[in-house]
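Please take a moment with the sequence and the model below before reading on. The paragraphs that follow go through some charged and aromatic side chains and the places where they meet.

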Amino acid sequence: MFRKIQIFILAVATFGNVNAQKTRLNSGERPKLVVGLVVDQMRWDYLYRFEKKFGKGGFKRLLGEGYSLNNVHIPYIPTVTAIGHTSIYTGSVPSIHGIAGNDWTDKETGKNVYCTTDDSVDPVGTDNRRNGSHSPKNLWSTTVTDQLRIASNFKSKVVGVSLKDRASILPAGHNPTGAFWFDDSAGNFITSSYYMNELPKWVKDFNDQKVPEKLLASGWETALPINEYTESTADNVEWEYPVGTAKEPVFPYKNLLTDYATKKGVIRTTPFGNTLTLRFAEAALDNYALGKGTETDFLAINLASTDYVGHSYGPNSIEVEDTYIRLDRDLAAFFKMLDEKVGKNNYLVFLSADHGGANAEGFLRANKILGGFFDEGMEKNLGAELEKKYANSKLILGIDNYQIYLNQNLIKEKDLDEEAIKTTIIDNLNKDPRVLYAVDLKKIGSSAIPEPIKSRAINGYNWQRSGDIQIISHDGMLPTYAKKGTTHSVWNSYDSHIPLIFMGWGIKHGESNGDYYMTDIAPTISALLHIEFPSGAIGKPITEVIGR
């Protein structure tokens with residue numbers, strides 16, 4: 001009888017909580033603060049592979065209190081950082097929002113274009129133009145953060161924070177309160193004159209605290225006894241690339257503080273880069289009084305060190321596992337801080353990723369799984385074929401983002417047949433045992449390529465900025481620059497299957513295995529906030545999350 005009463009009370013409480021959430025949503029109320037947490041290179045399976053090592057307040061709190069979408073994929077290729085952050089916040093794809101890669105080749109000049117470089121603005125907080133002269137000028141669509149600012153007549157405050165320039169700038173949108181990123185030349189957070197002409201005093205004060213040195217002072221030891229890292233490979237394997245000046249990829253890393261003295265960027269490839277980012281985010285929250293006004297504010301945070309560690313060591317390393325264990329603890333502290341400063345029921349948080357990451361080539365080889373390097377010798381071999389057929393080996397500008405860029409100016413100058421050249425290249429590639437498909441991107445719609453690969457290539461193709469020929473490699477194939485560690489860029493699940501959890505204001509607890517996409521995040525946030533969708537959005541609100 002007592003057990004039945006307990007069940008009845010729990011059911012009434014749950015029903016009341018759900019009804020309260022629906023009432024808040026239907027009333028037009030909004031949370032005080034939205035926090036976007038995008039964990040760089042986080043595969044969905046990490047939530048469960050490392051679950052036994054997580055505490056109660058971080059990832060387990062998200063899963064225990066929030067709504068988790070277990071089957072969220074990236075609907076385009078290439079799956080890289082700049083596109084991932086842009087697509088999350090615009091609800092759109094490269095074909096529309098214009099960010100075609102971390103960088104791309106200018107077809108007129110043949111020069112490399114970095115996604116946020118803007119020579120018309122000045123660095124603020126550093127003299128280093130390469131690190132500081134950045135803006136969102138190459139972003140064509142609005143973001144959910146833009147739409148929030150517009151909806152509130154620019155009373156809502158929006159702040160972007162990341163170690164990476166692109167992962168702060170693109171989520172923050174076109175007219176934020178501020179966007180800040182880490183400058184490797186001085187070891188400080190900086191911005192550009194696009195946003196402000198001088199660093200705010202609070203940023204200068206934060207930089208003066210020398211937080212990176214304090215975080216690195218004791219080196220990097222495992223958070224748990226190393227023999228408990230049973231989800232990972234041995235501590236020293238041939239396919240890992242050690243951080244800084246370490247001779248081998250082996251714990252403990254005692255070289256970090258010394259390395260940092262001469263190369264500030266070393267903190268990126270440690271879990272302490274995430275700690276640094278969250279501390280700076282808290283300082284931004286305090287000094288901009290985010291969540292304290294009459295309008296909803298937005299704090300867009302990228303946790304980038306997971307990406308740097310992943311690139312160096314690969315997904316099956318102790319280093320990656322330890323980075324997520326430490327991130328879990330950092331998130332627990334961050335959520336507790338939000339509870340205290342904003343109020344547990346006053347903020348909405350979502351956690352997702354910009355992309356996943358492939359298993360290291362050496363790991364695959366050691367475990368008898370298909371792998372290799374799709375582009376090894378590729379450009380040289382294609383150049384020889386083009387020399388033989390067209391008396392010119394320079395008809396390819398380069399291979400980037402698994403795409404081949406043709407030298408359009410040279411083709412015109414020599415009065416050559418572009419279609420014939422493409423056919424020659426594609427026929428040659430399709431004979432390569434490492435290539436699954438090679439296709440003319442202008443003709444991708446009529447190509448004999450199965451879904452979802454075809455749609456993802458179409459969505460990723462920006463006719464002004466993408467290459468001319470798309471290469472779809474066999475599973476497990478990496479570019480040659482990733483002979484140690486790993487990378488990402490392809491359509492396969494290891495790169496495209498990402499976590500997505502909503503928690504907090506207006507969110508019921510639950511999970512779904514329904515089909516959803518990265519591009520559904522911005523429309524879902526827009527629906528929760530009762531604001532217009534971003535201008536290029538193709539995603540849809542996830543009704544399971546918002547309850548209607």
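**Charges and rings inside the model**

Asp307 counts as buried, because its relative accessibility is 4%. In this predicted model, Asp307 forms a salt bridge with Lys164, and the closest N and O atoms of the two are 2.8 Å apart. This pair links distant parts of the chain, since Lys164 sits in the loop between strand 6 and helix 8 while Asp307 belongs to helix 13 (residues 305-313), 143 residues apart.

Lys164 also forms a salt bridge with Asp40, where the closest N and O atoms are 3.2 Å apart. Here too distant parts of the chain are linked, with Asp40 in the loop between strand 1 (33-39) and helix 2 (46-49), 124 residues from Lys164. Lys164 has a relative accessible area of 3% and is therefore buried, and Asp40, with a value of 0%, is buried as well. In addition, Lys164 lies over the face of Tyr308, at 5.2 Å from the ring centre.

These bridges belong to a wider set, for the structure holds 26 salt bridges. Among them is the one between Arg49 and Asp45, whose closest N and O atoms are 3.2 Å apart; Asp45 counts as partly exposed because its relative accessibility is 25%. Elsewhere, Glu418, Glu419, Lys422, Asp440 and Lys443 are joined in a network of salt bridges.

Which buried residue has no salt bridge although it carries a charge? It is Asp259, for which the nearest side chain of opposite charge, Lys263, is 8.8 Å away. Asp259 is found in helix 11 (residues 256-262), and, leaving aside residues up to four places away in sequence, it touches Val243, Gly244, Thr245 and Val266.

Turning to the rings, the structure holds 24 aromatic pairs. One of them joins Phe54 and Phe59 in a tilted arrangement, with 4.8 Å from centre to centre and 40° between the planes. Phe54 counts as buried because its relative accessibility is 7%, and Phe59 is buried with a relative accessible area of 0%. Phe180 and Phe280, by comparison, form an edge-to-face pair, at 5.7 Å centre to centre and 65° between the planes. Because Phe180 lies in strand 7 (residues 178-183) and Phe280 in helix 12 (residues 272-287), this pair ties together parts that are 100 residues apart in sequence. Both of these residues, Phe180 and Phe280, are buried, and ring pairs link them with Phe182, Phe189, Trp202, Phe206 and Tyr288 into a cluster.

Definitions and conventions
Residues are numbered from 1 along each chain as its sequence is written. This is a predicted model: local features need pLDDT of at least 70, side-chain atom pairs count only at pLDDT 80 or more; totals for chains, interfaces and linings use all residues. Side-chain values use heavy atoms; hydrogens and water are left out. Rings of Phe, Tyr and Trp (its six-membered ring) pair if their centres lie within 6.5 Å; planes under 30 degrees apart count as stacked, over 60 as edge-to-face and the rest as tilted. Buried means under 20% relative accessible area, exposed over 50%, partly exposed in between (1.4 Å probe, protein chains only). Helices (H or I, at least four residues) and strands (E, at least two) are DSSP runs, numbered from the N terminus. A charge sits over a ring if NZ of Lys or CZ of Arg is within 6 Å of the ring centre and within 35 degrees of the ring normal. Lys and Arg count as positive and Asp and Glu as negative; His and the chain ends are not counted. A salt bridge is a side-chain nitrogen of Lys or Arg within 4 Å of a carboxyl oxygen of Asp or Glu. Contact means heavy atoms within 4.5 Å.
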